[in-house]
Amino acid sequence: MATYIVFLGAPGVGKGTQAERLAEELKIPHISTGDLFRENLKNQTELGKKAQYYMDAGQLVPDDVTIEMVKSRISRPDCVNGAILDGFPRTSAQAEAFDQMLKEAYQTEVDFVPCIQVDRELLIDRLSGRRMCPNGHVFHMVYHPPKEDDICDICGQKLYQREDDKAETIEKRLEVYENQTAPLIDYYQKRNVLRFIDGAKDIDAVTMDILAAFKDVTKK
Ligand code: AP5
């Protein structure tokens, strides 16, 4: 059965880290809107140029641009058996548009929403220590260090620090999350597909909790 999963949670809670693991486990694609924007930025596409201003400022890229990008990605054949969305939807308009996309393309709805929670202080610590490679593999200098300094364990590329992981931008991103994305918790809770996950545990323990919650929500 096809499975569509939406990861919710503030910047730095571990959505990307966990979405990558769950995608491997369930053998469905991991779609990160942040990674899609960064890829466009790297290739200097029109979309990337449009997104850069908002990303650097810690603000959301406008809904119309984001929704169009996800619509084109979710309609690709590899999403027919499901997908894991990381960083989307992030506003009420995006959530409604996503419902419509799933309905039109696959006659289905969102199956499971893990909402990861971590204290603000720990979030700042995680974001400031994060390093990633150009292919989107994520590390942390203390909690998940690469085997070799500054080199990705998976693809051997050089690691870098994201522009928006600077202290001033982190504050703005956390504020945007509270104002624009946190209201989606209520949206998915009403459908009984959302489960809160304690993201302060270590990475393996969080994965186990997410898998247990997934089984619980999808058992019929
Ligand atoms: P995006 O890339 O989606 O960033 P984000 O939501 O701010 O989330 P992050 O990637 O910062 O954090 P994460 O939760 O994935 O944490 P991670 O696993 O890396 O978006 C960036 C920008 O793009 C936005 O600001 C916006 O401008 C734009 N954008 C994207 N989507 C959009 C949308 N839908 N609409 C409009 N604009 C959009 O983990 C963080 C660190 O902690 C890592 O170093 C990791 O190794 C470590 N870590 C993870 N889990 C643990 C653990 N359990 N214990 C210890 N360390 C851990």
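In which loop is Lys27 found? The points below take up this residue and then the rest of the predicted model.

1. Lys27. The loop between α1 and β2 holds Lys27. Its phi is near 55°, a positive value in a residue other than glycine. Most residues other than glycine have a negative phi, and most peptide bonds are trans. Lys27 counts as exposed because its relative accessibility is 70%, and the cut-off for exposed is over 50%.

2. Gln44. A positive phi also appears at Gln44, where the value is near 50°. Gln44 sits in the loop between α2 and α3, the latter spanning residues 46-57. With a relative accessible area of 43%, Gln44 is partly exposed.

3. The cis peptide bond. The bond from Phe88 to Pro89 is cis, with omega near -5°. Pro89 belongs to the loop between β3 and α5 (92-106). Phe88 turns up again in point 6, as a contact of Thr66.

4. The sheet. An open sheet is formed by 3 strands in the order β1-β3-β2, and the pairing is parallel. β1 (3-7) and β2 (30-32) each have a single partner strand and stand at the edges, so one side of each has no neighbour in the sheet. From one strand to the next the twist averages 20°. Strands of a sheet pair through backbone hydrogen bonds, either parallel or antiparallel. β1 is joined to β3 (residues 82-86) by 5 bridges, and the two run parallel. Phe7 stands opposite Asp86 in β3.

5. Cover on β1. Is β1 mostly covered or mostly uncovered? It is mostly covered, as 5 of its 5 residues are buried. In a regular strand the side chains alternate between the two faces of the sheet. In β1, Thr3, Ile5 and Phe7 are on one side, Tyr4 and Val6 are on the other, and all are buried. An edge position in the sheet therefore goes together here with cover on both faces.

6. Helix α4 and Thr66. Helix α4 lies across β1, β2 and β3 and runs at about 155° to β3. Thr66 is part of this helix, which covers residues 63-74. Thr66 counts as buried because its relative accessibility is 4%, where buried means under 20%. Beyond its neighbours within four places in sequence, Thr66 is in contact with Thr33, Phe37, Val61, Phe88 and Gln94.

7. Val110. Which residues does Val110 contact, leaving aside its neighbours within four places in sequence? They are Tyr4, Val6, Phe98, Asp99, Leu102, Tyr188 and Val193. Tyr4 and Val6 are the buried residues on one side of β1 described in point 5. Val110 itself is in the loop between α5 and β4 (113-117). Despite the loop position, Val110 is buried, with a relative accessible area of 5%. The C-alpha atoms of Val110 and Tyr4 are separated by 5.2 Å, although the two residues are 106 residues apart along the chain.

8. The ligand: polar contacts. A backbone N or O atom of Gly16 lies 2.8 Å from an oxygen atom of the ligand. For Gly87, a backbone N or O atom lies 2.8 Å from a nitrogen atom of the ligand. Arg126 contributes a polar side-chain atom, 3.3 Å from a nitrogen atom of the ligand. Taken alone the ligand exposes 1,000 Å², and the protein buries 97% of that.

9. The ligand: the shell. Two or more residues of the shell come from each of α1 (15-26), α2 (33-42), α6 (120-128), β6 (138-140) and α9 (203-218). α2 gives the most, with 4 residues. There are 37 residues around the ligand, and Thr17, Gln59, Arg90, Arg130 and Arg173 come nearest.

10. Lys190. The loop between α8 (184-189) and β7 (194-198) contains Lys190. Its relative accessibility is 68%, so Lys190 counts as exposed. Lys190 and Phe214 are 24 residues apart in sequence, and their C-alpha atoms are 17 Å apart in space.

Conventions: Residues numbered from 1 in each chain as written. Predicted model: local features only at pLDDT ≥ 70, side-chain atom pairs only at ≥ 80, totals over all residues. Heavy atoms only, no water. Buried < 20%, exposed > 50% of the residue type's maximum accessible area, 1.4 Å probe, protein only. Contact = heavy atoms within 4.5 Å. Pairing = 2+ DSSP bridges. Axes fitted to C-alpha atoms, helices over the stretch in contact; angles between N-to-C directions. Near = heavy atom within 4 Å. Polar contact = N/O pair within 3.5 Å; in protein donor to acceptor, adjacent residues only side chain to side chain. Areas by Shrake-Rupley, 256 points an atom, 1.4 Å probe, with all protein chains shown as cover.
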